[in-house]
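Opening the notebook on a new model today. I want the overall picture down before I go residue by residue.

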Amino acid sequence: MLAVNYSTIREKLKAYCDKATDQDETIIVTRKNEKNVVLMSLEKYNALLKAARNAEYLDMIDRSMKQAENGKVVVKTMEELEAMENG
């Protein structure tokens, strides 16, 4: 991970974009008043989003399993489920 000030990144944007895409580097662009931003490849960004979604999904499954272990389940017959579906 690199930290580069705004003026430097502005002057050498292509070089830093290449570092992000070709070398899988994450660049923190430092700005006044702590309004920093991060430059990274789209591939890395998408992987982070996917990991976050997976973590949320796994957390939901864990909560559901704990509810089932604690007896917080509703048992329905197939006929009851079909009746609910047909409304």
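**Overall picture**

I began with contact range: of the contacts in the protein with a separation of 6 or more, 27% join residues 24 or more positions apart. Note to self: this is a predicted model.

Next I listed the elements and got 4 helices and 3 strands. Along the sequence they follow the pattern β-α-α-β-β-α-α. The radius of gyration came out at 24 Å, while the globule rule gives 12 Å for 87 residues, so the protein is more spread out than a compact globule. I also looked up the span of the C-alpha trace along its principal axes, which is about 70 × 25 × 25 Å.

How much of the protein counts as buried? Of its 87 residues, 10% do. The exposed surface is about 7600 Å², and carbon and sulfur atoms supply 53% of that.

**The sheet**

I turned to the strands. They form an open sheet of 3 strands in the order E1-E2-E3, and the pairing is mixed. Why do E1 and E3 each have one side left without a neighbour in the sheet? E1 (2-5) and E3 (37-39) stand at the edges and have a single partner strand each, so nothing in the sheet flanks the other side. I noted the twist too: on average, neighbouring strands here are turned by 30° against each other, direction ignored.

A reminder I jotted in the margin: strands of a sheet pair through backbone hydrogen bonds, either parallel or antiparallel. For E2 (residues 27-30) and E3 the sense is antiparallel, over 3 bridges. I checked who faces whom and found Ile 28 opposite Val 38 in E3.

**Thr 26**

I stopped at Thr 26, in the loop between helix H2 (13-22) and E2. Buried or exposed? Thr 26 is buried, because its relative accessible area is 10%, and the cut-off for buried is under 20%. I then listed what Thr 26 touches, leaving out residues up to four places away in sequence: Met 1, Leu 2, Val 38, Leu 39, Met 40 and Lys 44. With Lys 44 there is also a polar contact, side chain to side chain, at 2.7 Å.

**Asn 5**

Asn 5 lies in strand E1. I have Asn 5 down as partly exposed, with a relative accessible area of 40%. What does its side chain reach? The side chain of Asn 5 comes to 3.2 Å from the backbone nitrogen of Ser 7. I also took one C-alpha distance: Asn 5 and Glu 25 are 20 residues apart along the chain, and their C-alpha atoms are separated by 16 Å.

**Positive phi**

Last, I scanned the backbone angles. Most residues other than glycine have a negative phi, which made me write down two residues.

- Asp 24 has a phi near 55°, a positive value in a residue other than glycine. Asp 24 sits in the loop between H2 and E2 and is partly exposed at a relative accessible area of 47%.
- Asn 33 is not a glycine either, yet its phi is positive at about 60°. Asn 33 is in the loop between E2 and E3, and at 70% relative accessibility it counts as exposed.

Conventions. Residues numbered from 1 in each chain as written. Predicted model: local features only at pLDDT ≥ 70, side-chain atom pairs only at ≥ 80, totals over all residues. Heavy atoms only, no water. Pairing = 2+ DSSP bridges. Helix = DSSP H or I, 4+ residues; strand = E, 2+ residues; numbered from the N terminus. Axes fitted to C-alpha atoms, helices over the stretch in contact; angles between N-to-C directions. Buried < 20%, exposed > 50% of the residue type's maximum accessible area, 1.4 Å probe, protein only. Polar contact = N/O pair within 3.5 Å; in protein donor to acceptor, adjacent residues only side chain to side chain. Contact = heavy atoms within 4.5 Å. Rg over C-alpha atoms; globule rule 2.2 N^0.38 Å. Areas by Shrake-Rupley, 256 points an atom, 1.4 Å probe, with all protein chains shown as cover.
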